Amino acid sequence: MMRKFTKPNLLLRRHPQPLRWIVVSGLVLLLGGYSQAQQKKLPVKDTVKAADSLVKPIQLLYGTQQKRYITGAVSAISGSDVSNIPGTNRLNSFSGRLTGLSVTQLSGLPSSEDNFYQVRGYHSFVGSGRPVVLINNRLDDINEIEPNDIESITVLKDAAATALYGLNGANGVILITTKRGQTGKIKINYNVESSFEQPTRLPKFLNAYNYATLYNEAQLNDNPTATPKYSAAALQAYQTGSDPFLYPNVNWIDQTLKKSSLQIRNNINVSGGGDQVKYYFSGSYLTDNGIFKVDKSINTYNTNSNLGVFNVRGNVDINASKYLVISADLRSKRETRNAPGANAFSSPTYDQTIFTAIYSTPANAYPVRNADGSLGGNATYTNNPYGILNYSGYTNYVSTSLTGSMSFAYNLGTVIKGLKAKVDFGFTNYDDIQISRGKTFAVYALNTAVTPNTYIKTNADGVVSASTGGYTNRQRIYDHFATLNYDGQFGDHNVSAMAMYEIQQYDNASVNTVANTYQGPKGKLSYRFKNRYLVDFVASYQGSEQYPANHRYGLFPAVSAGWIVSDEPFLKGSGIDLFKIRGSYGKTGNQANTYFDYLTSYAATSGGSLGTTPTVQTGSYQNQIANPLITWESDVKTNIGLDVAFLHNRLSASFDVFKEHTTNILITNAISVMYGAKINTPSGIFEDRGLEAQAAWTDHIGALEYTIGGNVSIAKNKIIYQNEPTKNYPWMYQTGNPVGVRTGYVFDRYFTESDVMSSLPNQSALGSQKPGDLKYKDLNRDNIIDANDIAVIGAAKAPEVNFGANLGFKYQAFDLSLYFQGTSHGTTYNSGATTWEFVNAGKGSVVEHHMDRWTPGSGQSTAYPRLTLTNPNNFVASSFWVKDNSFVRLKYTEVGYTLPQSLLKKIGISSTRVFVNGYNVLLWDKVKEKDPEANDAGLTYPLQRSFSIGLNLKF
Amino acid sequence: MKKIIFLLVFIAGVLVFQSCSNDKISSIPADFATADQIAINAANVKAYINNLYAFVPRGYNRLDTDPNSDDIATGALPGVPGKGSLTAMVASATDEAVHATRNSAAEKWGTGNWSSSSTNNWDTQIKTEYTGIRRTFSYTEDIAPKLPIGLGGNEISPALRDQYLGEALFIRALLNFELLKRYGGYPIVKTQLAADGNFNIPRNTYDECTKYISDMCDQAQALLPVVYPTAASDFGRATKGACMALKARLLLYAASPLNNPSNDITKWQAAAAASAAIISSGTYSLYPAGTAGAGYESFFLTISPNPELIFSRLEPASSDIDQMNGIPSINLGYGGTCPTLDLVNDYETVDGKPFDWSNPAMAASPFTNRDPRFAKTILYNGAVWTPVGTPPIATVDTYDGGKDITNVPYPTRTGFYLRKFMGINARWIAPISNVNHSFPIFRYAEVLLNYAEAMNEAYGPDNASTFTLTARQAIALIRTRAGLTANQSVTAATTQALMRTAIRHERRIELAFEEHRHMDLRRWMTAETVLNQPVSGLKIVKVGSTFTYTPQVVEQRVFTNKMYRYPFPQDELSRNPGLVQNPGW
């Protein structure tokens, strides 16, 4: 039960009893535990009905639990916290908000916004460590959800929370629950938001004059007797811009990318209900017109990265009888994407092609268009980025998905009090298809060698390639379960139990494999004594056809317990509102990437050569030997946590420490060579440990209500055993380090004249060296720089530390919130066209930081080695290019104004809130070349910063 | 009404559980075949046997910089060494040669830079051998018992069944011998081990291994034909002769000082008998002699008919080996295997006298009037070598400033290039021209040498015992085919000890670059001397039309006692607790 107070804190503090309450978005909500009679006694004048989502218990797998009684490690937020955040991949909006969940966004490509996300880091050195994403307890794709439909998001972290997910629980679970209708009058919400997006960061390429100057310098660096490519006259022409066709100076980024792109999101949802039926219907449409500059007069077809997403949902609950509730949910999404070029959504995706072209074309390579209007380009540089955008045809991509589910919940209270039964069926289909109409285009270069000047044509114009279904993706999921629930209270004893059977099948028809099925019983038993001693038992017994018949099912049990110390009589009145200690221990599994490894198969191969004219014979061999050892990874998780609240709940905090030990990780050839065949053995061992903390403070100063909070999650992993071959030196091992650490040579200093003369240690295997080149450390002191000197040079890309902080203010009708997010202990590897000079054998461009390069006399203080056109020495993997990608961002900020109700009531609007927000607003970091989160090479669609205006209307 | 609804819920629940009880998770995709499915198809069975021949050891430039190139990671075939200037022959790790490109695996091996680390043993091969052995068992245990025996269509005749079994046993014996010669007594694997089984397998003694392999040779020999009537397609399969030759070498190794420290004469006698059996079978003879060693040269480039060839690693026609050891000035060869001056010095004069630089006549014209095999094995300064695509008369110029050593990418380090095995018609740049190469695993000349060595040790140089040839006569056969005009050095070998020296010399010359030397020096226990001293090349200076020759050291060599046996991979010791490492490693 809940109430809203206009000036709550004062009232509450004056109240004789300690009250439990929370402040959310400026609303103070009393939580549970008060009888009707007690409520009436509360000295509260102005009570209104508040959104009931805020006091709903936390969603857990297949059920709910009040946070107070949860003994596992979970974190949860409400869907409304993130629904106004623009973007197409909802996961990115969770960054920094849920302790234990880390999300690193790699690309800004609309619709994909590729990322990697983990709950408490890696749990094995094999695979990506991605958690399972469930929507309403059912396997689904995070990108299929409409943000406004989200009721809550829960991240399940420890064994107590995830053991029910058995064979797929080890990586954690992200559980999303959608809104449902509530009894009451019809409610209509309309949300609209327009976002102006621009890249958070783009590389800064140098202009033609600087390019030419540096090119000459690099040329002379490589060969002191070379004739510089650009004469003094040419340099002057670049500087003055006297002839933009013969001496072009093109800023390719300006020519191809818009200053900003537009994303618009619309959503309308209708909900309500009566005695018979409760309903929630929602429809939404999102468009994003993409970053690329396209000249619509050239093409009747749209070649920009246009995106349109339709999403509809209907959740209906019918009280078919006094005891039976039938629910039916249906969701469908249709997404259309356009992009320039053929097969734009196959790998590599079109953004990589285009950004590679933009970032690899020097400013003086050719004019966008020649004087006669033809496209610029020559035999060396054929990939005119403007040409790709406007003349290379298009790809249309349609992705549809459909999820339907139905459940029958029967209250068996008449048989046994507190007993409920439920069966639940659901199917999901995804179907993506790509229709491609590619076209080639010619480029022309002015030939000044003949008079009158002519144009040299490279490539052919208008060769059309058409393909339908160049990329198709079809996946099917079904997920059925039947559940029995029991709740009972006997004096001080509170018992609840759940037993269920679930069968899930995942079928990826895009690849030639048979479907993967999981099935088995699951259950949970919770016992509470005096509402302060808590204990839970959870187990799933799950099987998969990927394991041999006698070893097909695994038992994944967990036990957890909690003690609410603050409810003990000896602490009553001590001013401690909550002090709960909890702990859990249990096992979860992870089905590794196996495909019927327990079966034998034979395959054709080539045999030896035979015959008087020796000919390679057809051979055959046992390509897979039945592997009786095959099994799932087993992750034993331990978690200890503390939840506290003080000062009348103004200060609340949680702490968790955890340790995970994963065994049975499949590794290849870790057994004796005498076995005589390739085999995966479950012998890898991995460890993951860390801690999490979050705290919040809520209070008011006069009429200004404010809240301040923060969280930090640390997860550090270590490979204990992975069958790494014996190495010559200890630093060559990856074992003992976290998964994904960077390896390479260790940068020592720039070569000096005397280093070059002494030629020891001998680095010649990596290229030739001159002063200003990178000199690497000779770790084994054998005077040769070789593979023996390759060591761990930096942390993995995935950061070990993730944190977030939020500030919220509310003053009368105004509200303001600020979310900061950051990471630490991760790295990015700078490489390629955004970092290196003249990549691709001298053809690439140069960026701003090349101005601070090593030159004779500049010593060791410069930021960049000497420039070169071709010498590979500086570009082998080394610590020089590993950058700390720690950062702090102002991830999200929103300012809202709620219009006075009196104005709008007459026209039927019950609430109107206008807001402006900013996403990825500010960034503090050490990486210059690209966004610190982005892909290492930085050649993908850049991450976007956006500013939006929006409106939430309630009827 | 309530009851109906309750019934509906109940039915729904039953449906869910019924779908479970169908046991969806017992479905098995049919593409996972069992041995039965292979065995019922004659073509599949043949293909299974054919795959075993991929495990016959390679000989030509097989050492690349990745010692794990024998790693059968994909499971299909043993790794193929990378083709490049760094890929070397085993000869370059012995006193036969040095490798032209520096830092090759052969150089690291020869200079003592190897260890029990799996990334640091340049000739381990252990994974290939045990993998091949497993496949022979997978044939004999899983497939062979299920063969449809008969004479009908898609049936396998009893004769073919025996042949397949014999082939599998021969390959198994050969791979076991490859382990034995490297490691000494090794853990014999006699079945397909189970992955969850016991890997606590101790090493067998050298004699146990010899007996095991020898018996297998006998079994295989009984099953295999002398020759294949369908040679065009079946040439290269194991024959009776191959089994006998393997056994002869096996027993010779077992009788040698390294493996027979008490010098048990019966071992020498057994070795002699095994070789004698091949000689008396009359199946093989030396490739016909030609003038000036032409027969000797032709043997290596002729696959069939070739009466001397007993068993070989066949490869399709190719020019890889020609390129990897080719003269860099011709079609950009990689130089590769550069014969040492030490080997060159060991070639006698054509009338059978030792070569001597202090003899002014010999020193003035060191490359003429030599054992004819010299010119057929080694390209020296002034040799005529005219591969396709070069001017008609081309001499090899390895004097200072000469076209074949100065300003070329992979110059010889010794003044010599390799000629043995090289096809003059090979060309690896367009227009490509490939030639046949078969690396001889067993050939009749080796059998004669094995015989001579065993006879001399067992009975002395001139006692034929119950056999037809004496040691001296066997050696004479080889020298005659080689085109030597007199057998002076052999004639002078009047005692058993002198004969031993003569036979070892003959073995060095006749079998040069055929991967015998590194094992011969070990089993004779002379490696600690021979392989522990620097090898030399020749600096040649041309003044006017005369050449002056100065020996110079080109590579220091290291051989310590522990290197008589290879170390087992370090990782293996922890995976098989029963394994005891060879001493010193």
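Guide: Welcome! In this predicted model, chain B and chain A bury about 5800 Å² between them, with 65% of it on carbon and sulfur atoms.

Visitor: Why is an area quoted for an interface?

Guide: The size of an interface is often given as the accessible area lost when the parts come together. Here you can also look at residues: 76 residues of chain B are in contact with 64 residues of chain A.

Visitor: How many residue pairs are in polar contact across the interface of chain B and chain A?

Guide: The rule finds 11 such pairs, both residues being at pLDDT 80 or more. As for salt bridges between chain B and chain A, the count is 0.

Visitor: Which helix of chain B gives the most to the side that touches chain A?

Guide: That is H1(B), with 10 residues. Sorted by class, this side of chain B has 37 nonpolar, 23 polar and 16 charged residues.

Visitor: Let's turn to a single residue. Where is B:Tyr60 found?

Guide: Look in the loop of chain B between helix H3 (42-52) and strand E1 (97-99).

Visitor: Why does B:Tyr60 count as buried?

Guide: Buried means under 20% relative accessible area. B:Tyr60 counts as buried because its relative accessibility is 13%.

Visitor: What is B:Tyr60 in contact with, leaving aside its neighbours within four places in sequence?

Guide: Its partners include B:Met89, B:Ile321 and B:Phe421. B:Ser438 is another one of them, and the side chain of B:Tyr60 reaches the backbone oxygen of B:Ser438 at 3.4 Å. Try finding B:Asn325 too: B:Tyr60 and B:Asn325 are 265 residues apart along the chain, with their C-alpha atoms separated by 9.8 Å.

Note on methods: Residues numbered from 1 in each chain as written. Chains lettered and ligands numbered in written order. Predicted model: local features only at pLDDT ≥ 70, side-chain atom pairs only at ≥ 80, totals over all residues. Heavy atoms only, no water. Helix = DSSP H or I, 4+ residues; strand = E, 2+ residues; numbered from the N terminus. Buried < 20%, exposed > 50% of the residue type's maximum accessible area, 1.4 Å probe, protein only. Contact = heavy atoms within 4.5 Å. Polar contact = N/O pair within 3.5 Å; in protein donor to acceptor, adjacent residues only side chain to side chain. Buried area = accessible area lost by both parts, 1.4 Å probe. Salt bridge = Lys/Arg side-chain N within 4 Å of Asp/Glu carboxyl O. Nonpolar A, V, L, I, M, F, W, Y, C, P; charged D, E, K, R; others polar.
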